[in-house]
Amino acid sequence: MNLPKIASISRKILVACVGLFLLVFLLVHMGINLCLLRPDDGEWYSIACNFMGTNYIIKVFEVVLFAALIAHIIITVALQIQNWKARPVRYHQPSKSKTSAMSKTMIWTGGLVFVFLALHFVNFYFVKLGLVEGKYMIQTEHALSSSELQAKYMAYTQGKLSPEEMATFQTEMEAVQGLMIKAESEGLYSDDMKWIRNLSAEDVKPVEGIVEGIEPDFYNMAFELFGNKVYSVIYLILFVALAFHLIHAMQSAFQTLGLNHNKYNKFIEGFSWVYAIIIALGFAAVPVYIMFFV
Ligand code: HEM
């Protein structure tokens with residue numbers, strides 16, 4: 001793979017900056033995930049997901065995040081291929097350096113994180129994009145009173161609807177009522193009654209385009225996914241690979257940016273380990289909790 005003609009050091013600086021950005025993203029993502037553990041019937045988690053899904057600043061960040069992720073993968077894979085090409089014959093003397101041993105596994109732990117992301121997007125993110133079916137939730141006030149439905153109701157009460165419009169309106173109202181009855185009879189309301197949750201794709205199809213704000217129900221999706229021990233174990237194994245990737249990633253980023261110094265190197269090394277372990281344990285807490293305590 002040929003990289004555009006930018007100096008190798010600029011590429012390394014770009015990888016370092018992007019890497020540090022991804023490290024901060026992981027901390028935020030982990031914080032949001034930990035809301036899943038709060039015994040509040042998913043209230044905090046749903047609020048956080050709703051905010052992340054609707055806030056415009058976050059939407060811009062999402063574009064930056066994906067650009068960063070893609071840039072990170074392309075540049076690091078290309079650099080690795082260049083390294084392999086530059087040194088096709090292995091040295092006879094195995095390296096005794098701890099750092100170089102760790103850095104050699106970066107491409108493999110990175111590959112595992114990539115595999116994780118592919119699986120993870122199919123499990124969660126692609127539902128948001130409508131590429132995969134999942135579970136859905138609707139804010140109760142949206143189900144009851146979308147602005148379009150209200151306008152039609154006003155027109156209906158004032159006798160302003162044509163017979164065809166009347167027939168459509170009645171079908172739509174029946175679909176909404178059907179949803180409310182299902183929510184009531186199957187206990188799909190959240191404790192605070194603000195959400196109807198745990199809806200299947202079949203449940204929401206009849207009201208699509210009628211009620212506003214149908215969102216993925218990531219809370220129930222996470223509980224369903226990690227209720228399956230095979231998925232939990234796969235996720236846990238990949239979190240270990242993520243931790244190893246992050247330990248070296250952080251040290252390497254600091255070095256590239258010239259922020260290392262003999263005086264602080266021990267601190268940076270320790271900090272990288274602590275950060276990576278906190279991230280891995282924080283993410284692992286969700287599947288472990290669901291596997292053993294739910
Ligand atoms: C138990 C662990 C995890 C759970 C339950 C989880 C859950 C989720 C959910 C629900 C979304 C969609 C959020 C939305 O778009 O509103 C998401 C997106 C995403 N996750 Fe995770 N995640 C976990 C671990 C990870 C890890 C370890 C990484 C990185 C290595 C990661 C990277 C991403 C990325 C890049 C996105 C897309 C960007 C975004 O929507 O913010 N996730 N995750």
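Guide: Before we start, a quick definition: a residue is buried if its relative accessible area is under 20%, exposed if over 50%, and partly exposed in between. Also, keep in mind that this is a predicted model.

Visitor: Okay, so is Lys128 buried, exposed or partly exposed?
Guide: Let's put its number against those cut-offs. Lys128 has 35% relative accessibility. Since partly exposed covers the range between under 20% and over 50%, Lys128 counts as partly exposed.

Visitor: Which side chain does Lys128 meet in a salt bridge?
Guide: The N to O distance in this salt bridge is 3.2 Å. A salt bridge allows up to 4 Å between such atoms, and the partner of Lys128 is Glu62.

Visitor: How many residues apart in sequence are the parts that Glu62 and Lys128 tie together?
Guide: Look at where each one sits. Glu62 is in helix α3 and Lys128 in helix α5, so their pairing ties together parts of the chain whose separation in sequence is 66 residues.

Visitor: How far apart are the end C-alpha atoms of helix α3?
Guide: Helix α3 runs over residues 56-86, which makes 31 residues. At 1.5 Å a residue, it should span 45 Å. The model agrees, because the end C-alpha atoms are apart by 45 Å.

Visitor: Which residues coordinate the iron atom of the ligand?
Guide: Both use their NE2 atoms, at 1.9 to 2.0 Å from the iron. The iron site has 6 donor atoms and is octahedral. The two coordinating residues are His29 and His120.

Visitor: And is His120 buried or exposed?
Guide: Its relative accessible area is 16%. Buried means under 20%, so His120 is buried.

Methods: Residues are numbered from 1 along each chain as its sequence is written. This is a predicted model: local features need pLDDT of at least 70, side-chain atom pairs count only at pLDDT 80 or more; totals for chains, interfaces and linings use all residues. Side-chain values use heavy atoms; hydrogens and water are left out. Donors are N, O and S atoms within 2.8 Å of the metal (3.2 Å for Na, K and Ca); water is not among the atoms, so sites may look incomplete. Four donors count as tetrahedral if all angles lie between 85 and 135 degrees; four count as square planar and six as octahedral if opposite donors are over 155 degrees apart and all others between 65 and 115; anything else is irregular. Buried means under 20% relative accessible area, exposed over 50%, partly exposed in between (1.4 Å probe, protein chains only). Helices (H or I, at least four residues) and strands (E, at least two) are DSSP runs, numbered from the N terminus. The expected span of a helix is 1.5 Å times one less than its number of residues.
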